[in-house]
Amino acid sequence: MLPGLDTFISVASGPPATATYISTAKSNANAASYTFSAQNIGTAAADRIVVVCAYLGGSATGDITSITVGGDALTLVGVVTETGTGGAWAIGYRLITTGATADVIVAGGAAGRAAIDVYNVTAITTAPSANASAKSSLLNTSSISVNITTEVDGVVIASAGDGSSTPSWTWSGATERADQVWSEQGSFTTASKSTIGDVLTISATPSGNSRKVINAAVWR
């Protein structure tokens with residue numbers, strides 16, 4: 001140790017993490033459980049982490065309680081519900097090494113619509129190192145943001161939207177990968193970014209008056 005140097009900065013070894021956007025699906029059914037059959041979940045690989053950003057809109061006032069991919073339960077983070085109803089939101093993840101398609105099932109309280117965005121992540125560890133979420137019941141065009149501690153050579157995945165209004169969304173702090181509306185009311189969007197180890201502010205801004213929900217998770 002050099003004189004006067006009391007602290008080492010630890011940087012994880014191994015290749016940089018990656019996040020690849022794969023697919024989107026949506027449903028306008030009124031249900032407590034939604035099945036997205038034969039969903040594209042990406043290319044099978046020994047190090048593939050399947051990440052699902054899930055959304056319940058319409059009358060959804062309870063948390064998303066489970067996400068399964070091919071019958072395998074994902075671990076949930078960033079679970080947040082805005083009972084206005086901005087909707088219910090969650091990010092699920094699991095190491096799934098086989099299969100290019102699978103049924104994705106999202107369950108929670110009764111809802112008027114549902115959607116998913118699917119990513120593939122490669123990372124040193126399956127579990128995210130940090131996650132964050134926020135919500136706002138105010139019907140306005142202000143942005144909603146989270147501050148999240150990232151990793152050097154990491155990735156962050158975020159999702160946002162509103163379960164009962166239909167603006168488009170603009171992202172700051174991450175790059176938009178999808179921005180969609182249900183044929184009924186409600187809109188959902190997702191973004192991702194490679195990270196450098198700072199505290200990152202990620203914001204989503206609606207084009208029109210909207211309640212807002214956002215969540216994010218970091219992998220390394």
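1. Nonpolar cores. In this predicted model, the largest nonpolar core has 23 residues, and among these V52, L56, V69 and I116 touch the most other members. Strands β2 (31-40), β3 (49-57), β4 (64-69), β7 (87-95), β8 (101-111) and β9 each supply at least two residues of this core. A second core, separate from that one, is made up of 20 residues, including W89, Y93, V213 and W219. As background to both, nonpolar side chains in soluble globular proteins tend to be buried together.

2. Surroundings of L56. When neighbours within four places in sequence are set aside, L56 is in contact with Y34, I64, G87, A88, V106, G108, G109, A111, R113 and A114. One of these contacts, R113, returns below as a partner in a salt bridge with E184.

3. The salt bridge between E82 and R211. The structure holds 2 salt bridges, and one of them joins E82 to R211, with the closest N and O atoms 3.9 Å apart. Because E82 belongs to strand β6 (residues 75-82) and R211 to strand β17 (residues 210-219), this pair ties together parts that are 129 residues apart in sequence. E82 and R211 are both buried. A reader checking this pair may wish to keep in mind that the cut-off for a salt bridge is 4 Å, and that the separation here is 3.9 Å.

4. The salt bridge between E184 and R113. Here the side chains of E184 and R113 meet at 3.1 Å, taken from N to O. This pair also links distant parts of the chain, since E184 sits in the loop between β14 (175-181) and β15 (187-196), while R113 is in strand β9 (residues 113-122), 71 residues apart. As for burial, E184 is partly exposed, with a relative accessible area of 36%, whereas R113 is buried, its relative accessible area being 7%.

5. The three-stranded sheet. An open sheet of 3 strands follows the order β11-β16-β13, and its pairing is antiparallel. Strands β11 (144-149) and β13 (169-172) stand at the edges and have a single partner strand each, so one side of each is left without a neighbour in the sheet. From one strand to the next, the twist averages 15°.

6. Pairing of β11 with β16. Strand β11 is joined to strand β16 (residues 199-206) by 6 bridges, and the two run antiparallel. For a reader who wants a place to begin inspecting this pairing, N147 stands opposite T201 in β16.

Key: Residues numbered from 1 in each chain as written. Predicted model: local features only at pLDDT ≥ 70, side-chain atom pairs only at ≥ 80, totals over all residues. Heavy atoms only, no water. Helix = DSSP H or I, 4+ residues; strand = E, 2+ residues; numbered from the N terminus. Buried < 20%, exposed > 50% of the residue type's maximum accessible area, 1.4 Å probe, protein only. Pairing = 2+ DSSP bridges. Axes fitted to C-alpha atoms, helices over the stretch in contact; angles between N-to-C directions. Core = buried A, V, L, I, M, F, W, Y, C linked by side-chain atoms within 4.5 Å. Contact = heavy atoms within 4.5 Å.
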